[in-house]
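Reader: I am new to this structure and would like a close look at one part of it rather than a tour of the whole. Please choose a single salt bridge and follow it outwards into its surroundings.

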Amino acid sequence: MEKGEIMTTDIQKIIDSAKLVSEVRVEGEIDLEMPKSTSFYVGKNFSKSLITITKPNITLDFSDAIVRMNITEPLDTDLNIFFVSSMAKSVEIKNLKLYVYLNIPATARQIVGLYNTAYSLKLNNCYMEIVSENQSNPVGVFNNGNLDTHMETRADNLVIANSCIRVQIVQSGMKDSVVYGIYNNLANSISLQNTFVYSTNIGGGKNQSAIGVYTNGRFGRYIGNNIKANGSHNTGTLKEQAYAYGFVNEGLYNLIESNNIVGEWGGQCVGLENKGDFAKVSGNKILATHTIKGRSVRNYANDSIFDGNILTSTSRNPRLFEQEGSNCIITNNMMQGLQLPSTYQSSAGIYAVAESAAENLISQNIIKNVCDCGIFAHKNIGQVQNNIITTYAESYGFVKQGLKTDEQLANKLDESRIHSIFD
């Protein structure tokens, strides 16, 4: 088919005509248009959706199709390119190639590649790309369970596999904005596998940030993915730049295993930020790089396990593992700073001075090449044993294990002393 032959109304008719328990093949180059009057509430937000899927138990195959959307007029509502209704249970979308380009004034509106409210949606071998010239709030996939429960929600059992999701803001501006690759809101038992997620923002400070994956749902499995968040500041010397968080977990009982997780190129970069109790974080490579303030792992949760991970940072002020939770196991991890001694402003391997960080087991970790302190904690941190801590020969004054009562060391590691480096 020729470009433009299939338009928004045509693809909607193709989907609506699908029979139950059938596979529908969509073909051709598809140019989507803004809807005229199809605004409705999605959760608490008033949104427009271009393509709406309401039929359950169907498979949509986009193997021979390319879907494009160019937005050049200001938006008056949030916008979803694809919307999967809660009626559309057990739908599979495969081989989708979606390209969305926005060239509109900076806006607080949310633009979503695929917004899901349906049970057991499967996305397989899909490529989604959203590029916004100016500040906005783009999301690759938004999965909305919208119910804080350990029982079922409407959007449970989402599976994203073998896919690529890229979301980017190109130019800086004054609007607050957050870029998300994947946002999972209170949906449980989701699975993200073998997928590349890349979010990029540009701007200043924490109000303009990029987050690769966010979840506050329970029982999720995040296995074998490549997840990156990028703050567009490749020298990593200014703390006033956009923040980048590779993975933010606020849900209970989540498994995060065998991933490559990166927060990079920002004023503050965090590889993994964990606020969800009973997390199991194993066998990951987690990096905070090209940043003045880097945290490979920042854990606020209790009753969690971190084992067998590789944690690195090129930050001038790295904390390879910042711990504020209790009753956690931190074991068998390789932690290494990647700067030379002359470039550090401050550096610590495990930083755990919060009183909430109590009764932990910290054992059999290797901590290398930080220059101020290997493990800096308060006296009730728990059991600290059998760790190997080494650093550069020229790191004078290095302390393998220090207590927060050491005022000189505490002052050196005080993050309020972190400052930008100007050429």
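**Around E415 and R295**

Author: E415 is partly exposed, since its relative accessible area is 34%. This value, like the others here, comes from a predicted model. The side chain of E415 meets that of R295 in a salt bridge, with 3.2 Å from N to O. E415 belongs to the segment after helix 2, whereas R295 belongs to strand 25, so this pair ties together parts of the chain that are 120 residues apart in sequence.

The two ends of the bridge differ in their cover. With a relative accessible area of 1%, R295 falls under the 20% limit and therefore counts as buried. E415, at 34%, lies between that limit and the 50% above which a residue is called exposed, so E415 is partly exposed. The pair is also part of a network of salt bridges, in which K293, R295, R319, E322 and E415 are linked.

The strand that holds R295 comes next. Strand 25 covers residues 285-299, and 13 of its 15 residues are buried, so this strand is largely enclosed by the rest of the structure.

Several strands pair with strand 25. Strand 23 (residues 260-274) runs parallel to strand 25 and is joined to it by 12 bridges. In this pairing, V270 has R295 as its bridge partner in strand 25. Strand 28, residues 319-323, also pairs with strand 25 in the parallel sense, over 4 bridges. There the bridge partner of R295 is R319, and R319 is also a member of the salt-bridge network. Strand 27 (residues 310-313) likewise pairs with strand 25 in the parallel sense over 4 bridges. Within that pairing, A288 stands opposite S313 of strand 27.

The segment after helix 2 can be followed as well. Helix 2 spans 407-412, and I418 is found in the segment after it, where E415 also lies. I418 has a relative accessibility of 5%, so it counts as buried. Not counting neighbours within four places in sequence, I418 is in contact with K239, I292, K293, R295, N317 and Q345. Two of these contacts, K293 and R295, are also named in the salt-bridge network. R295 is thus a contact of I418 and the salt-bridge partner of E415. I418 can also be set beside R316: the two are 102 residues apart in sequence, while their C-alpha atoms are 8.8 Å apart in space.

For comparison, a search of the whole structure finds 16 salt bridges. Among them, K94 and E23 meet through their side chains at 3.4 Å, N to O. K94 sits in strand 7 (residues 92-94) and E23 in strand 2 (residues 22-31), so that pair ties together parts 71 residues apart in sequence. Another joins the side chains of R68 and E29 at 3.0 Å, N to O. R68 is in strand 5 (residues 58-71) and E29 in strand 2, and the pair links distant parts of the chain, 39 residues apart. Here both ends have some access: R68 is partly exposed at 28% relative accessibility, and E29 is partly exposed at 29%. In the pair described at the start, R295 is buried and E415 is partly exposed.

How values were computed:
Residues numbered from 1 in each chain as written. Predicted model: local features only at pLDDT ≥ 70, side-chain atom pairs only at ≥ 80, totals over all residues. Heavy atoms only, no water. Buried < 20%, exposed > 50% of the residue type's maximum accessible area, 1.4 Å probe, protein only. Helix = DSSP H or I, 4+ residues; strand = E, 2+ residues; numbered from the N terminus. Pairing = 2+ DSSP bridges. Contact = heavy atoms within 4.5 Å. Salt bridge = Lys/Arg side-chain N within 4 Å of Asp/Glu carboxyl O.
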